[in-house]
Amino acid sequence: MRKTVMLALGIVGVVLFYFTFVSAEKAFRSDWRLPGISEEKPAQYRLVLITRELETPFWDQVGAGALEAAGQAGASIEIWGSYGKNQEDFLKKIEIAIDSKVDGILVQGLDTEEFKQLTKVKAAFYGIPIITVANDVPMADSLRRTYVGSNHDLAGRLIARQLLSDMGTEGTVVLLGDSRREHDQQQRLNGIYDVLKHYPGIRTEYAETPDARERIIAATQDLMNRLPDVRAFVAVHANAAEAMIQEIGRRSRVEPYHIYTFDDSPDSLLLLKQGKLDGMFEQSPETMGRIGVNLMIEWLSGRTVPLNTEGYFTDIRLLKAADAR
């Protein structure tokens, strides 16, 4: 019995020695690595892009450019926002981003006191840089570092010059704007007025309306009643074009009028192809997202300080009806 126990213990000892030897041999192999260590580097900066128009073609492209640039730079970026221009939700997202102490915020500018307070006071208090994208708010009001997007003053000038080329130097022109009078719309108006003021035969009639469809239709109806000699319409408020054209077409043929918009949505492009619009602007949303992220990283890393406070303008192009057919 004693011999049997001794034999069993000897066998167990041999087995244990074998597995110990194998484990030691694996541990000292040159290609052995400690488990659980990730080779991925943590993101250098945490950024967020915030818009009032989530899942629209324009902002989908802005987001795509921002994601590409962040990926190339080793930064992380999240795209937040609201649907249907819900301002309360939009402002809440900005506040959450500030409270989360992200490294930088790229945001669609909103020319309201609430927006300015968040950027000028709260974001500045935490030292979080703001870059406005596509829609600007003046630096003095928002303390944003810079703006990336279209030159809206230039866009207004180009529209006015095209109108003169199409209509001539005499006639009444309706300019339909948003009652909120946001900064980019004021810039467009400035550009239009600066060109048309040199032509005494041109009369401009400016009207404001909320962006609700029925209000735009009502405003267009009122303008056509009061101005039977109107020859041209410009939707300064970008989203007004489709409803405005619907009301013009309900009352008469659209073709005799010269109609322009600053909106480059799929709906506007269709109206252009149908010949119901004479001109619209094509912007560069993907470039806006890409440049915005790159500038933010340049500022955070100290490579470009300060940024150009006047802004970085992306390409715009006036599309005419003939170009879209």
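**Helix α6, arginine 52 and glutamate 68 in the predicted model**

The chain folds into 12 helices and 12 strands. The model is predicted, and 45% of the 325 residues of its chain count as buried. Contacts across long stretches of sequence are a recurring feature: among those between residues at least 6 apart in sequence, 74% join residues at least 24 apart.

A good place to begin a closer look is helix α6, which runs over residues 152–167. Its 16 residues reach 22 Å from the first C-alpha to the last, close to the 22 Å expected at 1.5 Å a residue. At the N-terminal end, asparagine 151 acts as the cap, with a side-chain oxygen 3.2 Å from the backbone nitrogen of aspartate 153. Just after the helix comes glycine 168, whose phi is positive, at about 100°. The buried residues of α6 are His152, Asp153, Ala155, Gly156, Ile159, Ala160, Gln162, Leu163, Leu164 and Met167. It helps to recall here that an α-helix has 3.6 residues a turn, so residues three or four places apart point the same way.

Helix α6 packs against helix α7 (residues 183–196), with the axes 7 Å apart and at an angle of about 40°. The two helices, α6 and α7, are therefore oblique to each other, and their crossing is right-handed. On the α6 side, the contacts are made by His152, Asp153, Gly156, Arg157, Ala160, Arg161 and Leu164. Their partners in α7 are Asp184, Gln187, Arg188, Asn190, Gly191, Ile192, Asp194, Val195 and Leu196. Several α6 residues in this contact are also buried, among them Gly156, Ala160 and Leu164.

Turning to single residues, arginine 52 sits in the loop between β1 (46–51) and α2 (57–73). With a relative accessible area of 2%, arginine 52 falls under the 20% cut-off and is therefore buried. Its side chain reaches the backbone oxygen of glycine 109 at 3.2 Å. Beyond residues up to four places away in sequence, arginine 52 touches Ser82, Tyr83, Gly84, Lys85, Asn86, Phe90, Gln108, Gly109, Leu110, Asn135, Arg180 and Glu182.

Glutamate 68, in helix α2, has a relative accessible area of 35% and is partly exposed. When neighbours within four places in sequence are left aside, glutamate 68 is in contact with Glu286 and Arg290. The C-alpha atoms of glutamate 68 and valine 293 are separated by 9.2 Å, although these residues lie 225 residues apart along the chain.

How values were computed
Residues numbered from 1 in each chain as written. Predicted model: local features only at pLDDT ≥ 70, side-chain atom pairs only at ≥ 80, totals over all residues. Heavy atoms only, no water. Helix = DSSP H or I, 4+ residues; strand = E, 2+ residues; numbered from the N terminus. Expected span 1.5 Å × (residues − 1). Buried < 20%, exposed > 50% of the residue type's maximum accessible area, 1.4 Å probe, protein only. Polar contact = N/O pair within 3.5 Å; in protein donor to acceptor, adjacent residues only side chain to side chain. Axes fitted to C-alpha atoms, helices over the stretch in contact; angles between N-to-C directions. Parallel < 35°, antiparallel > 145°, perpendicular 65-115°, else oblique. Left-handed = near helix turned anticlockwise from the far one by under 90°. Contact = heavy atoms within 4.5 Å.
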